[in-house]
Structure formats: C-alpha cells, structure tokens
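Trainee: I have a few questions about how the labels for this model are justified. Could we go through them together?

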Amino acid sequence: MSKQTDPATESEPLEPEASGESFRERFRVRTVALYTALAALVVFYLIPIQSGLVTSFKTSSAVRETAPFIPPLSADAFTLDKWQFAFDALSDGVINSLLFTIPSTILCAIFGSMAAYGLTLTNWRGQTFIFALFIAGIFIPYQAVIIPLSEFWNVWIDFESRLGLLWGLPLLERRHATILELIVTHTAYGIPIVTVLFRAQYKSMSQEMMEAAKLDGASLWRTYRKIILPLSVPMFAVVFIFQFTQIWNEFLFSLIIIQSVSDPAASVTLILSGLGQALEGVDFPLRMAGAFIAALPTLIVYVLFADKFAEGVRV
C-alpha cells in the first residue's frame with residue numbers, strides 16, 4: 001500500500017526559506033532607501049559649499065551669466081584674482097584674529113578647568129551659589145552688554161592710554177591694546193560655558209581616586225596638576241575647538257571694541273563684513289573667496305584635534 005502524504009506537511013519546509021528570502025528582500029529595500037536618503041542629505045549640505053567654491057573662481061560677468069553651482073568652463077570665466085585680492089585684504093585681519101583668539105581660547109580652557117575642579121572635586125561653603133552664577137553667565141546675551149562693554153573699555157579702562165609706555169617697546173604696537181581688550185573680553189565671556197563642560201567630565205571621575213591622593217598627602221594643586229590635568233586632555237581638545245570657533249567667528253565684540261574696518265587691529269570677521277561691497281553692487285566671487293580664507297583656520301584646528309575631540313565627546 002502506498003503511503004499518502006499530506007499536502008500541508010509538504011509545504012511546511014518551504015516556509016522558513018520563503019520567510020528568509022522575504023526578510024532579505026526587505027533588508028535590501030531598507031538599505032537602498034537608507035543610502036539614498038544619506039546621499040540626498042550629503043548633496044543637500046554640500047551644494048552650498050560647492051556653489052560658494054565654484055563662485056570664488058568665476059569672474060563677475062560669469063556669475064551673472066551662469067548658475068552658482070556650474071563651474072567656469074571657459075578661460076574667460078575663470079580667474080584667481082579674487083583669491084589674491086581677498087588674501088591681501090584679509091591677511092592683516094587673520095593675524096589680528098589669531099593674536100586674540102589663541103590666547104583667549106587657552107585662557108578660557110585653563111581657567112574653566114580650574115573653576116570646574118574647584119566646583120566639583122572639592123567641598124566648600126557656597127559652592128552651589130557660585131556654580132549658579134556660572135550658569136547665569138552662559139545665558140547673558142551679547143546684546144545686553146554692548147553699552148556696558150563700550151563704556152568699560154572707552155571710559156573706565158583704556159589700555160592704549162594706561163599702558164602707553166609699553167607701545168614704544170620692540171614688537172609692541174598701539175593696536176595691541178585693542179587686541180588685549182578683546183582677549184580679556186572673550187576670556188571673561190567664555191569661562192562660564194567652559195567651566196560647565198569641564199564640570200560634566202569631572203562629575204564622572206572616581207571619588208576613590210581623589211581620596212587616595214589625599215591619603216598620599218597630595219595638595220589640591222598637586223592633585224590637579226598630576227591627576228586631573230592629564231585626564232582632561234580630551235576635554236581640552238573639545239574646549240579648544242569649541243572656543244576657537246566661537247571666538248574666531250565672533251563679530252559683535254569686534255564691532256564694539258574695534259569699531260572700524262580701517263583700524264589696524266581690525267579682525268578678519270570685521271574686514272570680511274565689508275569685503276566686496278561697492279556702489280555698483282556686491283562682488284560675490286570676492287566675498288566667497290574671502291569666506292573660504294576666513295574659514296581655513298577653524299578647519300585646520302578641527303583636523304589637528306579631531307581624534308582628541310572624538311575622545312572628549314565620548315567622555
């Protein structure tokens with residue numbers, strides 16, 4: 001007698017295979033959709049950069065005759081003169097900006113780290129109130145200090161007149177008085193946010209490590225210098241990139257303290273604000289070339305501290 005088989009049982013072994021094929025098909029569709037969306041976002045974010053870069057190599061007539069994202073295809077439409085003019089116009093401003101951005105960033109990082117250490121890893125009366133003042137300092141808008149800041153540097157404290165004897169020394173000029181004012185201003189305004197960033201890292205540090213340092217007889221300064229400071233290197237990279245970018249791109253303080261593009265201490269952002277403006281219109285290729293030159297130092301800082309920045313963000 002022949003054994004009859006149930007059709008339902010014959011189809012059962014095919015179900016896992018069919019289910020696996022269906023899953024792989026859905027996975028492929030989702031992967032394709034994901035990469036398509038990512039590619040669209042890349043194009044969306046890169047088109048402004050590509051358009052600005054292409055525009056900086058065009059002549060003024062080529063800008064009027066072609067779309068912004070189309071590169072100059074003829075010799076008459078291509079020029080490097082805009083880059084040369086922008087470099088000549090911004091070179092002094094780049095030096096001035098470096099002279100106050102680098103010291104301000106370093107001072108913010110050092111003072112912010114020390115303040116966070118004192119507010120986090122030590123115990124003393126009034127600690128919470130002082131930390132609340134630091135938090136409040138973060139939320140003071142730039143516009144609220146325009147008049148007090150202007151009066152402070154122009155009426156109450158004028159480094160150019162008070163330190164007049166110094167400007168006759170070698171390598172020192174009167175424009176350095178204005179740069180010194182910008183260093184003090186950016187340092188004071190940057191310390192609160194830097195303190196909060198460092199405090200977030202120090203809160204996660206082991207208290208047992210601090211107690212062990214105390215048992216070994218280490219003072220507060222020695223504990224900070226030998227233990228806290230080496231562990232803070234990644235956060236220093238984060239703070240350096242953050243503060244350097246903020247101070248380098250800042251415009252309002254430069255406008256308040258320097259006031260004029262023709263001032264020898266004019267920053268790169270102040271000069272860039274008037275670059276390419278004329279009675280006949282705006283020279284967009286010149287402005288685009290100037291914008292890329294002004295953005296180059298921040299890009300270099302990101303490249304130099306990228307590894308430590310990623311490590312500090314994970315802390």
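Mentor: Happy to. This is a predicted model, and buried residues make up 35% of the 315 residues in its chain.

Trainee: What makes a residue such as threonine 105 count as buried?

Mentor: Buried means under 20% relative accessible area. Threonine 105 has 0% relative accessibility, so the label applies. Threonine 105 lies in helix 4, which covers residues 81-120.

Trainee: Which residues does threonine 105 touch, leaving aside those up to four places away in sequence?

Mentor: They are Phe240, Gln243, Phe244 and Ile247. Contact here requires heavy atoms within 4.5 Å.

Trainee: How do you know that the side chain of threonine 105 makes a polar contact with threonine 101?

Mentor: A polar atom of that side chain is 2.7 Å from the backbone oxygen of threonine 101. The cut-off for a polar contact is 3.5 Å, so the distance falls within it.

Trainee: Now the whole chain. Why is it called more spread out than a compact globule?

Mentor: The chain has 15 helices and two strands. Its radius of gyration is 29 Å, and the globule rule gives 20 Å for 315 residues; the value is well over that, so the description holds. Along the principal axes, the C-alpha atoms fill a box of roughly 120 × 75 × 35 Å.

Trainee: How many of the contacts between residues at least 6 apart in sequence join residues at least 24 apart?

Mentor: The share is 69%. As for the surface, about 19500 Å² is accessible, and 67% of that belongs to carbon and sulfur atoms.

Note on methods: Residues are numbered from 1 along each chain as its sequence is written. This is a predicted model: local features need pLDDT of at least 70, side-chain atom pairs count only at pLDDT 80 or more; totals for chains, interfaces and linings use all residues. Side-chain values use heavy atoms; hydrogens and water are left out. Helices (H or I, at least four residues) and strands (E, at least two) are DSSP runs, numbered from the N terminus. Buried means under 20% relative accessible area, exposed over 50%, partly exposed in between (1.4 Å probe, protein chains only). A polar contact is a pair of N or O atoms within 3.5 Å; within protein, one must be able to donate a hydrogen and the other to accept it, and residues adjacent in sequence count only if both atoms are side-chain atoms. The radius of gyration is taken over C-alpha atoms; the globule rule is 2.2 Å times the number of residues to the power 0.38. Accessible areas come from the Shrake-Rupley method with a 1.4 Å probe; for residues, only the protein chains shown count as cover.
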